[in-house]
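Here's a relaxed tour of one protein chain for someone meeting it today. Have a look at the sequence and the model, then read on.

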Amino acid sequence: MTDRPRSGLAAVSTALLEMSRQLEVRDVLKTIVASARDLLDAEYAALGVPDDHGGFAQFVVDGVSDDQWKAIGPLPRQHGILAAMLHDEEPQRLADVREDPRFEGWPSSHPEMSDFLGLPVRDGDETIAALFLANKRCPAPGGGCGFTAEDEELLGILAQHAAIALTNARLYERSRELTIAEERSRLAHELHDAVSQKLFSLRLTAQAAARLVDRDPARAKGELQQVAALAAEAADELRAAVVELRPAGLDEDGLVHTLRTHVQVLDRAHGARVTFEGGGLRALPAAQEEALLRVAQEALHNALRHSGAAEVGVRLARHGPGARLTVTDDGGGFDPRAVRRAGRHLGLVSMRDRAGGVGGTLTVRSAPGEGTTIEMEVPGG
């Protein structure tokens, strides 16, 4: 055997191991593209996941800067060579893609590409993505070596395992979404069982007190005292139910992954764009991680339900030995002082209580028409 096949198989092995470590679809796509580009020493690589409307639901590139990608414009449609890879089973290996009769050009900001290798990523009979490379780097001056049959074989091996990794990631994300739905259903039943009877009794007692106010004030006072007691019990039941519901993923996956998944679900479920940025965070005590997650969830709920925001951003970053959570939105904003005077809290009291309960602080910055920023800092454990 030559040195090239041995080094190629070692590179494939490295790429497969890296793909197997990823659980989220977006991370798997990025890993596939980066692995393919490194494996075949190409200048550019891309992978597109088709939607049902003639375009791409996701399109990941490697070798193109963020500024270049923005300048290129909207995601490509399924036409030309891309369509061939999505609808034909055969790989497409071309000496110069620009000379192929199916080539239909590209935007003015698109980098120039010549030699080309593409193939479908298939799960059984279904094409779930299209993977392609362009501009193979050549050791000889002037280049011009192009992709080889061996390159095509290696990329085919990578594509087969990429299909498995992508399918597993989709199943994983789906299972996490189902877990969230199951937790919500469980909480709904739990709240109904624990609180509804208390609220029903409270309502009847309040009605009795209202009837007694004029003819028997003393008995009415006793009924009102019972109302207060029932309300306190209902509040305690509610608090216990909510505090008990520690997300299953928090213990298993940690705060960053759990919060990222939560944000991704909200982004798909709401009209507003919801983004997450986080990394480089040390593991924190369980109480602090749960407090950060709960505050993030409350802030996101307010932003998505009440603010009218088009964009909501969540950022979790290391802050000294601890962490800082920031949730911002571009919604209508509010006057925090007016909210307090009106007796409405928008969850601010519970968020401050959670922050204070783990030795942290909560800052709220908002004004009418200027959006809202909620920032929570916790010390290290």
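Of the 381 residues in the chain, 41% are buried, where buried means under 20% relative accessible area, exposed means over 50% and partly exposed is in between, using a 1.4 Å probe and protein chains only. This is a predicted model, in which local features need pLDDT of at least 70 and side-chain atom pairs count only at pLDDT 80 or more, while totals for chains, interfaces and linings use all residues. Residues are numbered from 1 along each chain as its sequence is written, and side-chain values use heavy atoms, with hydrogens and water left out.

How far can you trust it? The pLDDT, the predictor's confidence in each residue from 0 to 100, averages 80 over the chain, and 80% of the residues score at least 70. Helix 1 (residues 3–20) has the lowest confidence, with a mean of 60, while strand 10 has the highest, at 95. Residues 1–6 have a pLDDT below 50, and that stretch has five contacts in the model beyond near neighbours in sequence. Where pLDDT is low, the predicted coordinates should not be read in detail.

On to the fold. The chain has eleven helices and ten strands; these are DSSP runs numbered from the N terminus, with helices being H or I of at least four residues and strands E of at least two. A contact means heavy atoms within 4.5 Å. Taking contacts between residues at least 6 apart in sequence, 62% join residues at least 24 apart.

Now for the inside. A nonpolar core is a set of buried Ala, Val, Leu, Ile, Met, Phe, Trp, Tyr and Cys residues joined through side-chain atoms within 4.5 Å. The largest one has 36 residues, and L259, L325 and M376 have the most contacts inside it. Helix 9 (286–306) is among the elements that give two or more residues to this core, and with nine residues helix 9 gives the most. Setting aside neighbours within four places in sequence, L259 is in contact with F276, L293, A296, V314, L316 and L325. There's also a second, separate core of 30 residues, including A42, A45, V49 and A129.

Helix 4 (residues 80–87) is mostly covered, with seven of its eight residues buried. Strand 1, strand 2, strand 3, strand 4 and strand 5 are among what covers those buried residues. One residue of strand 4 is G118, which is buried at a relative accessible area of 0%. Not counting residues up to four places away in sequence, G118 touches M85, P91, Q92, L131 and F132.

Two residues other than glycine have a positive phi:

| Residue | Phi | Place | Relative accessibility |
|---|---|---|---|
| D41 | near 55° | loop between helix 2 and strand 1 | 37%, partly exposed |
| N135 | near 60° | strand 5 | 11%, buried |

Finally, the pockets. On a 1 Å grid over the protein atoms alone, a pocket is an open set of points where a 1.4 Å probe fits, with protein on both sides within 12 Å along at least five of seven lines, and lining residues have an atom within 4 Å of a point. The second largest pocket has a volume of about 710 Å³, volume being the space filled by probe spheres set on the points. It is lined by 16 residues, and R26, Q264, D267, V274 and F276 are the closest to its centre. Helix 8 (255–269) supplies the largest share of the lining, five residues.
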